[in-house]
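These are my notebook entries, written while I looked through a structure that was new to me. I went from one topic to the next and wrote down what I found for each.

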Amino acid sequence: MNLTASEPAWPDQLFAVLKAADIRQVGYVPDAGHARLIERCAADPAIRHVVLTTEEEGVALAAGAWLGGQRSALLMQSSGVGNCINMLSLIKSCRFPLVLIVTMRGEGAEFNPWQVAMGSMVEPTLRLADVHCYRLDHAEDVADVAAGAIDVAFNGELAIALLLSQRLIGRKVWVK
Amino acid sequence: MLERRKAIATLLAQRPDDLVIVSGLGSTTYDVASVGDDDRNFYLWGAMGGAAMVGLGVALAQPQRRVAVITGDGETLMGLGALATVAVQKPANLAIVVFDNGLYGETGSQASHTRGTVDLTKVATACGIGFTMEVHDEAGLARLAELLRNFTQTLFVRVAIAPNEPPRVLPTRDGVALKLRFRNAVGCRVG
């Protein structure tokens with residue numbers, strides 16, 4: 001599932017940001033847009049990568065990680081945000097820090113119309129759950145915005161989401 | 001079948017210092033609180049289906065401690081995938097203990113799937129959790145109490161409890177307070 005002919009550099013920058021922030025647990029449901037970042041996390045012995053059956057597991061994992069004194073991040077596709085909603089009440093009720101990194105679908109260049117319904121709800125639902133959203137459209141913004149947002153999460157015990165737009169990620173290639 | 005309050009009292013009578021507990025919302029939170037409030041208890045008052053995963057996060061972050069998730073059949077059924085996720089991670093310091101009465105006590109005692117066709121111990125075994133156990137009597141409880149002091153691989157235990165509903169013992173519902181005191185108890189920086 002190649003997204004582009006050559007791998008973009010921003011997933012590696014994002015990985016460097018996670019390392020600099022001392023992220024020690026990374027939960028994820030496999031996703032094409034996150035393939036490179038997942039690969040980097042899985043290859044790092046200092047990061048525990050936890051494959052999930054559904055994204056809400058990762059929200060609970062993040063709460064547990066913080067209870068035990070570790071920082072975590074949770075990677076998902078936009079459809080996964082919908083799977084998290086009730087579990088986000090755990091984050092809000094206890095004021096746990098939370099870092100969501102969301103690859104957007106259902107925006108421009110979307111072949112699959114079934115992705116549009118949830119994609120269009122991501123930002124409003126996250127805002128209702130008190131998750132601060134940072135939208136990323138340009139590769140050159142990724143590292144700075146991500147580092148700042150992650151600081152917001154752990155310094156203030158707040159929930160943040162980095163929304164990696166479809167414009168940033170590129171068009172999914174359906175015909176191989 | 002075992003009476004739930006007697007069962008939890010037996011399990012935690014000689015609780016070691018290094019055992020932390022995550023309890024599932026509803027009856028198991030009241031059960032754990034009934035033995036005596038403790039800073040090492042993280043009681044869930046919501047997040048149904050999340051107890052095992054909260055426990056996994058703690059277990060991975062605190063490998064020098066043992067973590068017991070004590071929850072109910074309904075809470076486990078809502079997050080069944082977590083058993084698969086936990087099994088794949090193989091945390092040596094995580095025990096999942098399910099008090100199974102086959103019903104939803106909080107909502108009017110409607111039957112759960114474990115009263116129907118679902119066998120949670122077989123589910124855990126099928127997921128690949130290495131050590132699973134069924135507890136039906138005092139001897140089994142005593143064995144489990146001992147295991148909670150010294151287990152060295154992921155544990156899944158189903159405790160068959162009677163469908164009685166003892167008076168509620170309500171710990172604080174302040175999530176921030178529960179978080180801060182737990183982190184303080186396990187040596188994390190607070191504030």
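**Entry 1: where the chains meet**

I began with the interface, where chain B and chain A bury about 2100 Å² between them, and carbon and sulfur atoms give 63% of that area. I note here that I am working with a predicted model. Counting the residues involved, I found 26 residues of chain B in contact with 25 residues of chain A. I then looked for charged pairs across this interface, and the rule finds one salt bridge there. Its partners are Lys179(B) and Glu157(A), whose closest N and O atoms are 3.0 Å apart.

**Entry 2: chain B as a whole**

Next I took chain B by itself and listed its secondary structure, which comes to eight helices and eight strands. I asked myself how the radius of gyration of chain B stands against that of a compact globule. For 191 residues such a globule would have a value near 16 Å, and chain B has 15 Å, which agrees. Measured out along the principal axes would be the wrong phrase for a model, so I write that the computed C-alpha trace of chain B spans about 45 × 35 × 30 Å. In chain B, 58% of the 191 residues are buried. Of the contacts in chain B with a separation of 6 or more, 72% are between residues 24 or more positions apart. The surface that chain B exposes is about 7500 Å², and carbon and sulfur atoms supply 53% of it.

**Entry 3: salt bridges within the chains**

I then turned to salt bridges in general, and the total over all chains is 22. In chain A, I looked up the side chains of Glu110(A) and Arg105(A), which meet in a salt bridge with an N to O distance of 2.9 Å. Is Arg105(A) buried or exposed? I found Arg105(A) at 9% relative accessibility, which means that this residue counts as buried.

Another pair in chain A is Arg127(A) with Glu123(A), a salt bridge at 2.7 Å from N to O. Both residues belong to helix H7 (residues 122-128) of chain A, where they sit four residues apart, about one turn of the helix. Arg127(A) counts as partly exposed at 45% relative accessibility, and Glu123(A) is partly exposed as well, with a relative accessible area of 24%.

In chain B, I checked Asp39(B) and Arg181(B), which form a salt bridge whose closest N and O atoms are 3.7 Å apart. This pair links distant parts of the chain, 142 residues apart, with Asp39(B) in the loop between helix H2 (27-34) and strand E2 (41-43) of chain B and Arg181(B) in helix H8 (residues 175-185) of chain B. For Asp39(B) the relative accessibility is 37%, so I put this residue down as partly exposed, while Arg181(B), at 16%, counts as buried.

I also came across a network of salt bridges in chain A, which links Asp12(A), Arg36(A), Glu39(A) and Arg40(A).

**Entry 4: cysteines**

How many disulfides does the structure hold? I found zero over all chains, and I looked at two cysteines of chain A to see why. For Cys41(A), the closest cysteine sulfur is that of Cys84(A), and at 17 Å this is too far for a bond. For Cys133(A), the closest cysteine sulfur is again in Cys84(A), at a distance of 12 Å, which is also too far for a bond. As to their surroundings, Cys41(A) is buried with a relative accessible area of 0%, and Cys133(A) is buried with 13%.

**Entry 5: two residues in strands of chain A**

I closed with two residues that I looked up one after the other. Ser72(A) is found in strand E3 (residues 71-77) of chain A, and its relative accessible area of 7% means that it is buried. Leaving aside neighbours within four places in sequence, I listed the contacts of Ser72(A) as Ile23(A), Gln25(A), Ala62(A), Ala65(A), Val99(A) and Phe154(A).

Tyr28(A) lies in strand E1 (residues 23-28) of chain A and counts as buried at 6% relative accessibility. With neighbours within four places in sequence again left aside, Tyr28(A) is in contact with Ile38(A), His49(A), Val50(A), Val51(A), Leu52(A), Leu74(A) and Leu75(A). I also noted the separation between the C-alpha atoms of Tyr28(A) and Pro11(A), which is 15 Å for two residues that are 17 residues apart along the chain.

Definitions and conventions. Residues numbered from 1 in each chain as written. Chains lettered and ligands numbered in written order. Predicted model: local features only at pLDDT ≥ 70, side-chain atom pairs only at ≥ 80, totals over all residues. Heavy atoms only, no water. Salt bridge = Lys/Arg side-chain N within 4 Å of Asp/Glu carboxyl O. Buried < 20%, exposed > 50% of the residue type's maximum accessible area, 1.4 Å probe, protein only. Disulfide = S-S within 2.5 Å. Rg over C-alpha atoms; globule rule 2.2 N^0.38 Å. Contact = heavy atoms within 4.5 Å. Areas by Shrake-Rupley, 256 points an atom, 1.4 Å probe, with all protein chains shown as cover. Buried area = accessible area lost by both parts, 1.4 Å probe.
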